Amino acid sequence: MSNSAPAIRVAVVGAGPAGFYAAEALVKTLGDAVSVDLVERLPAPYGLVRYGVAPDHEKMKSVTRLYDRTLADPRVRFLGNVDFGRDLTLEDLRRHYHAVILAVGSAHDRRLGVPGEDLPGSLSATEFVAWYNSHPDYRELEVPLDAKTAVVIGVGNVAIDVTRVLAKTVAELSVTDIADHALDHLAGSTIEDIVIVGRRGPAESKFTTKELRELGELANADIFVREEELHPIPESLAAIEGDVNATKNLEVLRAFAKQAPTGKPRRVHIRFLLSPLELRGNGRVSSVVLAKNRLEARPDGSIAAVATGETEELDAQLVFRSVGYRAKPLAGVPFDERRAVVPNDRGRVLAGAGGAPVPGLYVAGWVKRGPSGVIGTNKACAMETVARLVEDELPEPVDPRPEAVLELLAARGVKPFTAQQWARLDAVETAAGAASGRPRVKLADVGAMLDAAG
Ligand code: NAP
């Protein structure tokens, strides 16, 4: 290593919020002693901010301005369009970097495990969200919007995002950066009712209040909540005591139950105490069978849904499971199947749950703690990981020269997409947006993204 080379080379894998906060914390903490390569599978950075945040939540995306500062930092190099596991293995990274921080998120959906789940017309919210946000892997997704009723299983913020996109008019969505293919397809939507279904009660819902409130303010849809489904058991109320969000959610839901419909073209229903048992249909979903539940407090303090034995069948031609994300194991990296995270101690990867730390290997974000929290939650999470890295004695890599990894990629025929190329692609997308009164028009095809960047 030459004298001018930084003392510590770190590869951060995944340029979503956790990856950016990790890179930012590294340069803030270690200054010129560190250089960071931000390795990203897609040409465009920002991960879930670009491909997860709903198109009509434009303000939430302004956080990318902070990420751009990190991208512009001379100590940070963006290696886009480089697939970890295929173009670069963990072994390669360990040869060229003192430390590796995996910030790859949890890109996959959780399953319901009920019959009929794979019928046409049954989709995961994860793929629908990726489709309407122009994720290159999902642009060909078939979304049969020739339905009257769509059911969304799960009472978290993703279920709300999916519901808003289904409920809004094309005119409302056409001023956002929603994918053109989604906008065209949504123009032909025949959906009238969207039913959000929770297996437990309102006090156990995972919505944030701001997002929940929005459902009662939709220009194109009335909100329907059944008062009889809003009675928490005393233990539920005790469990949310002091929890401002959960308490407010309950208030908002009670107000929704009283809100008189005004005859808007679409209807959003929020139902509770119902678990999916089966998706029925002949060649396509036509109904969802739901078990009616009651709540029961468990000795460990948790509130469980217990089937009453009664069922309800809801006609529906489109079903989205919105029951959370799940990380998948990465080649050569320990994985806790039960929790679907990489086992770790405050970010230090462990050889197994409760095992010894693997020197120089770290995690941040959802792959570290599971798919919870909001974008900002990843900042503290990444800072905690970087604090561990700074404390640790790092293994000496065989060849830490910054050029070494580029040479390896070139030998494999891989040309990383640079921050300069991203800046050009960004300009192309925002210019196309400005021409049509939208924040940007995203390119959804990797080939087109590379071409646009020159
Ligand atoms: P989530 O908040 O964890 O909600 C998942 C929902 O699925 C829960 O209601 C859960 O119920 C339910 N569920 C799980 N397994 C089920 C099953 N087998 N049958 C029926 N229901 C089941 O997950 P998410 O909505 O995917 O959101 C992920 C994270 O991203 C959250 O932290 C969320 O706040 C965040 N996010 C934020 C925004 C925003 O700020 N605007 C937007 C989108 C996402 P139980 O509680 O009973 O398990």
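**Exercises on helix packing, ligand shell and backbone angles**

Helix 1 passes helix 3 in a left-handed crossing. The exercises below concern a predicted model.

**Exercise 1.** Determine how helix 1 and helix 3 are oriented relative to each other.

*Solution.* Two packed helices are described by the angle between their axes and the distance between the axes. Step one is to locate the elements: helix 1 spans residues 17-30 and helix 3 spans residues 64-72. Step two is the geometry: their axes lie 10 Å apart, and the packing angle is about 50 degrees. Step three is the classification: angles under 35 degrees count as roughly parallel, and 65 to 115 as roughly perpendicular. Helix 1 and helix 3 are therefore classed as oblique to each other.

**Exercise 2.** Repeat the analysis for helix 1 and helix 13, and state the handedness of their crossing.

*Solution.* Helix 13 comprises residues 377-391. Its axis and that of helix 1 come within 8 Å and cross at roughly 45 degrees. The pair is therefore oblique. As for handedness, helix 1 and helix 13 form a right-handed crossing, whereas the crossing of helix 1 with helix 3 is left-handed.

**Exercise 3.** Characterise the packing of helix 5 against helix 6.

*Solution.* Helix 5 covers residues 125-132, and its axis is 10 Å from that of helix 6. The angle between them is about 50 degrees. On this basis helix 5 is oblique to helix 6. The crossing itself is left-handed.

**Exercise 4.** Describe the composition of the shell around the ligand.

*Solution.* Begin with the count: 23 residues surround the ligand, and the closest are Val155, Asn157, Arg199, Arg200 and Gly373. Next, sort the shell by class, which gives 10 nonpolar, seven polar and six charged residues. Finally, assign the shell to secondary structure: helix 6, residues 157-167, supplies the largest share, with three residues.

**Exercise 5.** Identify polar contacts of the ligand with Lys206, Glu211 and Gly373, and state how much of the ligand the protein covers.

*Solution.* The test for a polar contact is a pair of N or O atoms within 3.5 Å. For Lys206, a polar side-chain atom is 3.2 Å from a ligand oxygen atom. For Glu211, a side-chain N or O atom lies 3.1 Å from a nitrogen atom of the ligand. For Gly373, the partner is a backbone N or O atom, 2.8 Å from an oxygen atom of the ligand. As to coverage, the ligand on its own has 920 Å² of accessible area, of which the protein covers 85%.

**Exercise 6.** Examine phi at Asn81 and Arg346, and locate each residue.

*Solution.* Most residues other than glycine have a negative phi. Asn81 has a positive phi, near 60 degrees. Asn81 sits in the loop between strand 3 (76-79) and helix 4 (90-96). Arg346, also not a glycine, has a positive phi of about 50 degrees. The loop containing Arg346 runs between strand 16 (344-345) and strand 17 (348-350).

Methods: Residues are numbered from 1 along each chain as its sequence is written. This is a predicted model: local features need pLDDT of at least 70, side-chain atom pairs count only at pLDDT 80 or more; totals for chains, interfaces and linings use all residues. Side-chain values use heavy atoms; hydrogens and water are left out. A residue is near a molecule or strand if one of its heavy atoms lies within 4 Å of it. A polar contact is a pair of N or O atoms within 3.5 Å; within protein, one must be able to donate a hydrogen and the other to accept it, and residues adjacent in sequence count only if both atoms are side-chain atoms. Accessible areas come from the Shrake-Rupley method with a 1.4 Å probe; for residues, only the protein chains shown count as cover. Helices (H or I, at least four residues) and strands (E, at least two) are DSSP runs, numbered from the N terminus. Ala, Val, Leu, Ile, Met, Phe, Trp, Tyr, Cys and Pro count as nonpolar, Asp, Glu, Lys and Arg as charged, and the others, Gly among them, as polar. Axes are lines fitted to C-alpha atoms, for helices over the stretch in contact, and angles run from 0 to 180 degrees between N-to-C directions. Angles under 35 degrees count as roughly parallel, over 145 as roughly antiparallel, 65 to 115 as roughly perpendicular and the rest as oblique. A crossing is left-handed if the near helix is turned anticlockwise from the far one by less than a right angle, and right-handed if clockwise.
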